[in-house]
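Grab a viewer and a pencil. Here are some exercises with worked solutions to go through at your own pace.

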Amino acid sequence: MKKKKSDPPMMTSIIGEGRVIKNTGSAYIVRMEESGIELNCRIKGNFRIKGIRTTNPVAVGDIVTVSEAADDADYITAIAPRKNYIIRRASNLSKESHILASNLDLAILVATLREPVTTTTFIDRFLATAEAYSVKAAVVLNKEDMWDEDDRELADALKNLYTSIGYPVLFVSATTGEGVPQLKEFVTDKITLLAGNSGVGKSSLINALVPGADLRTGEISDIHHTGTHTTTFSEMIDIPGGGALIDIPGVRGFGTIDFAPEEVGHFFPEIFRMSRDCRYSDCKHTGEPGCAVVPAVEDHYISESRYTSYLSILEEASEEAGADKYRKPF
């Protein structure tokens with residue numbers, strides 16, 4: 001005989017609204033708006049974004065309604081409309097998405113030039129996703145104390161590239177404290193997501209920014225030169241003086257999802273600006289007649305690394321939409 005599912009508990013009263021500050025895997029910690037009390041809550045309801053299947057229906061940063069059930073447990077029963085959010089493909093082969101955080105003032109990608117190496121493709125995918133979901137973004141290059149002369153030259157080149165597009169770039173060292181005061185000033189009074197590959201030093205940076213946070217830090221693998229996961233679940237950490245940091249588990253790849261092929265160019269500001277001079281409004285910038293973007297890449301007005309990242313996302317979006325693959329025209 002098939003086991004009958006038990007009925008969900010009846011809600012007895014609404015406690016109020018609060019912000020989700022931690023995902024523990026089996027539950028969510030919600031800080032109530034009026035009292036500041038933190039409640040351990042489960043979820044009740046079917047929450048969706050644009051019909052996309054998500055691995056986590058509730059995200060850190062969400063403003064939620066909490067209700068008490070007849071069994072005296074607390075439940076999240078509604079989510080207020082999100083100002084914005086950052087979302088990525090749950091895995092390379094998955095059609096599901098994962099919400100990294102919501103209601104953000106800023107999203108920072110913490111990157112490193114070595115141990116581990118953060119690729120420009122990863123940086124560009126993060127920045128394009130921030131553009132797509134209306135989140136201001138910046139890049140922090142950590143482990144400045146490890147740089148040699150070549151690293152310094154590369155860091156300066158990356159800073160020139162991304163600041164010319166409109167993204168702030170900061171150099172810091174969580175180990176020596178270099179650049180940490182400037183970073184703290186940059187994030188104070190903002191709700192800021194910190195994202196990055198495993199091993200880039202997010203936990204160390206948070207420990208430097210928030211005395212007493214005491215987040216666990218990990219070692220770099222000698223074999224793969226990649227970091228170990230030290231953050232298990234997403235968590236919001238208050239900044240002395242105002243604002244908060246959202247720490248999330250390190251990610252190895254940043255797959256985009258729900259990008260329409262014709263919109264991908266909008267998420268690269270320099271490509272979008274140049275596309276206004278294209279002959280056709282639906283130009284995909286892959287060698288079409290009268291395209292203004294490809295010549296701009298050839299003449300180095302647009303970075304080839306950025307254009308390559310654009311093409312990789314365009315191909316991904318086109319495959320998702322059932323369209324032909326786009327290839328680099330030169």
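**Exercise 1: the surroundings of Tyr167**

Which residues does Tyr167 touch, not counting residues up to four places away in sequence? Keep in mind as you look that this is a predicted model.

*Solution.*
Step 1. Start with where Tyr167 sits: the loop between α2 and β10 (169–171).
Step 2. List its contacts, again leaving out residues up to four places away in sequence: Tyr167 touches Leu127, Glu131, Ala137, Tyr162, Phe267, Pro269 and Arg306.
Step 3. Pick out Ala137 and check the C-alpha atoms. Tyr167 and Ala137 are 6.4 Å apart in space, with their positions 30 residues apart in sequence.
Step 4. Now the accessibility. Tyr167 has 6% relative accessibility, so it counts as buried, the cut-off being under 20%.

**Exercise 2: a helix pair**

At what angle do the axes of α1 and α7 cross, and within what distance do they come?

*Solution.*
Step 1. Know what to look for: two packed helices are described by the angle between their axes and the distance between the axes.
Step 2. Find the two helices, α1 at residues 120–132 and α7 at residues 304–320. Their axes come within 9 Å and cross at roughly 65°.
Step 3. Get the hand: the crossing of α1 past α7 is right-handed.
Step 4. Name the residues that meet. On the α1 side they are Thr120, Thr121, Asp124, Arg125, Leu127 and Ala128. On the α7 side they are Ser305, Arg306, Ser309, Ser312, Ile313 and Glu316.
Step 5. Sort them by class, and the contact of α1 with α7 comes out as three nonpolar, five polar and four charged residues.
Step 6. Link back to the previous exercise: Leu127 and Arg306 are also among the residues that Tyr167 touches.

**Exercise 3: salt bridges**

How many salt bridges does the model have? Work through three of them, with their distances and accessibilities.

*Solution.*
Step 1. The count is eleven salt bridges, using a cut-off of within 4 Å between the side-chain nitrogen and the carboxyl oxygen.
Step 2. Take Asp151 and Arg114, whose closest N and O atoms are 2.6 Å apart. Asp151 lies in helix α2 (residues 149–165) and Arg114 in the loop between β8 (106–111) and α1, so this pair ties together parts that are 37 residues apart in sequence. Asp151 is buried at 11% relative accessibility, whereas Arg114 is partly exposed at 29%.
Step 3. Next, Glu144 and Arg152: here the closest N and O atoms are 2.8 Å apart. Glu144 is buried, with a relative accessible area of 13%, while Arg152 is partly exposed at 34%.
Step 4. Then Arg31 and Glu38, with 3.3 Å between the closest N and O atoms. Arg31 is partly exposed at 25% relative accessibility, and Glu38 is partly exposed at 46%.
Step 5. Don't stop at the pair. Arg31 and Glu38 belong to a network of salt bridges that also takes in Asp238.

**Exercise 4: cysteines without a bond**

Why is Cys283 not bonded to the closest cysteine sulfur?

*Solution.*
Step 1. Find the partner to test: the closest cysteine sulfur to that of Cys283 is in Cys291.
Step 2. Compare the distance with the cut-off. The two sulfurs are 3.7 Å apart, which is too far for a bond, since a disulfide needs them within 2.5 Å.
Step 3. Check the total: the model has zero disulfides.
Step 4. Add the accessibilities. Cys283 is buried with a relative accessible area of 11%, and Cys41 is buried at 1%.

**Exercise 5: backbone oddities**

Which peptide bond is cis, with omega near 0°? After that, look at the phi values of Asn103 and His285.

*Solution.*
Step 1. Recall the background: most residues other than glycine have a negative phi, and most peptide bonds are trans.
Step 2. The cis bond runs from Glu115 to Pro116, and Pro116 is in the loop between β8 and α1.
Step 3. Asn103 has a positive phi, near 55°. Asn103 sits in the loop between β7 (97–102) and β8 and is buried at 10%.
Step 4. His285 also has a positive phi, about 65°. Look for His285 in the loop between α5 (269–275) and α6 (293–298), where it is buried with a relative accessible area of 5%.

Key: Residues numbered from 1 in each chain as written. Predicted model: local features only at pLDDT ≥ 70, side-chain atom pairs only at ≥ 80, totals over all residues. Heavy atoms only, no water. Buried < 20%, exposed > 50% of the residue type's maximum accessible area, 1.4 Å probe, protein only. Axes fitted to C-alpha atoms, helices over the stretch in contact; angles between N-to-C directions. Helix = DSSP H or I, 4+ residues; strand = E, 2+ residues; numbered from the N terminus. Left-handed = near helix turned anticlockwise from the far one by under 90°. Contact = heavy atoms within 4.5 Å. Nonpolar A, V, L, I, M, F, W, Y, C, P; charged D, E, K, R; others polar.
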